[in-house]
Amino acid sequence: MEHHEFSEQEAIRRSSLKELENLNINAYPAEAFIVNATTQEIKEQFNPEKNNFQEISIAGRIMTRRIMGAAAFFELQDEKGRIQVYVKRDDICPNEDKTLYNTVFKKLLDIGDIVGVCGYAFITQTGALSIHAKKLKVLCKSLRVLPIVKEKDGEVYDAFSDPEQRYRMRYVDLIVNPQVREVFIKRTKIINTMREFFNAKGYLEVDTPVLQSIPGGAQARPFITHHNALDIPLYLRIANELYLKRLIVGGFTGVYEFSRNFRNEGMDRTHNPEFTCLEIYVAYKDYLWMMEFTEQLFEKIAIEVNGNTTAKFGDNLVNFKGPYRRLQMLEAIKEYAGVDISDMNEDEIRTVCNQLHIPVDKTMGKGKLIDAIFGEKCEPHLIQPTFIIDYPIELSPLTKRHRSILGLTERFELFVNGKEICNAYSELNDPIDQLERFQEQAKLKEKGDDEAMFIDMDFVRALEFGMPPTSGMGIGIDRLVMMMTGASSIQDVLLFPQMRPENK
């Protein structure tokens, strides 16, 4: 992005900066400013009878200002909120020299500038909690004009509401739309809650490679890069599954990782090319155990974040209290699409897709065709938390065959509000079966499916040493945050979503 021409306001701010320098006031001082209170603490705890908060040191941005001759009010915004500050010329300039008030505060400071205030809390005659400033210090001069919302005759002006601008300049979004900050505080709370839940059970948080020589553990198109020293292609990980399973082979009972994954696919309201996933693997468990584990986890997250087990998404009130409905995938298709495909071959299922007007192409094998029907006809109906279980084998190359139903696997996905939120298996630990499944994927790759899996012979070798029966689960953190905050777009829960470069 090239530097733009200065607007009139920006030119004025730069000239104010020069004037501050001429007055020997550093607009970007190096020394620390000690903060001992936040706006929230003062609002919640100030008690005039106790006479507390009498030596406040607070810092933040000037957000509004009213100057009335020798006194003024301004609103100071810190991370926790806003508070009114009362500035009296003779208090901040106790000596003859009134430059700090008359010139610096009244003329050279602007909305958006960051200042430090020392003073005491009091209630004004109109009943407003305020800070009476005894000292004022310039901490940072803002050279750009903040889009401050103004209302006139019921009309709103200058609202910073254009999504493109908000995502591109998230720093401005966070300053002028404080409600946005709440989403990201909740995001961190969700991740911390999950960590606490796993750690309490004795599972180990680990790190696995982001750069992989074979992208494995999912069906997706990878990003490719090149390692100069080794002169080999490397891939950004699409999942961390195969590495975590190697650790189960190595003897860990439970491992998990919050993993940044990368998939070279389209962008929409629920997809970003990089996203965060939680994957957890626990030895000696199966997918039935994992369903109960998931119910406990989601119930805990909902209570921590929203105070109860319910959350509202648009018009839908969703309850995360377990147990959740369990519905076989082919039964769901029978229920919502009105067709029984359980005994059909690939060609017959393709015909069904055509009859149902579901777009398909010749690169799609049986698994992808079934998935297309399910996605189109079933997913939108799954509003309350629902486990879709027992997926066809063609859709699940890393999953154990079903213990009693031929052609199916021990897999579930949890759907909430019409979206898949997590994916779990009784993990495939038979190395011979695993190699055959990889080889089936290789055939799909040859057929033109660029999301089909690579064959990872080292992973097969690891399984040949023996992996105990294991259940694993992956949760899309971004989608989970969308669920728990009622956000309608993934861009609203990513601080810096992927965007096309400016001026391109």
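Begin by selecting F438, which in this predicted model has a relative accessible area of 1% and is therefore buried. Add F459, which at 0% relative accessibility also counts as buried, and look at the two rings together: their centres are 6.4 Å apart and their planes stand at 65 degrees, so the pair is edge-to-face. The pair links distant parts of the chain, with F438 in helix α13 (residues 431-446) and F459 in helix α14 (residues 457-465), 21 residues apart.

A search of the whole structure finds 17 such aromatic pairs, and the next one to select is F198 with Y256, whose ring centres lie 4.9 Å apart with planes at 55 degrees, so this pair is tilted. Because F198 belongs to helix α7 (residues 178-200) and Y256 to strand β12 (residues 254-262), the pair ties together parts that are 58 residues apart in sequence. Widen the selection to F197, Y203, F258, W289 and F293, and you have the one aromatic cluster that these residues form with F198 and Y256.

Keep F198 selected and move to the largest nonpolar core, which has 48 residues and in which M194, F198, F298 and F320 touch the most other members. Helix α9 (residues 287-306) supplies the largest share of this core, nine residues. A second, separate core of 30 residues can be found through A37, I62, C93 and A133, which are among its members.

Finish at the second largest pocket, with a volume of about 500 Å³, where R144, V145, M169, Y171 and V172 are the closest to the centre of the 21 lining residues. The largest share of that lining, three residues, comes from α6.

How values were computed: Residues numbered from 1 in each chain as written. Predicted model: local features only at pLDDT ≥ 70, side-chain atom pairs only at ≥ 80, totals over all residues. Heavy atoms only, no water. 1 Å grid on protein atoms, 1.4 Å probe; cavity = no way out; pocket = protein on both sides within 12 Å on 5 of 7 lines; lining within 4 Å. Points joined across faces, edges and corners; volume = space filled by probe spheres on them. Helix = DSSP H or I, 4+ residues; strand = E, 2+ residues; numbered from the N terminus. Core = buried A, V, L, I, M, F, W, Y, C linked by side-chain atoms within 4.5 Å. Buried < 20%, exposed > 50% of the residue type's maximum accessible area, 1.4 Å probe, protein only. Phe/Tyr/Trp six-rings, centres within 6.5 Å; stacked < 30°, edge-to-face > 60°.
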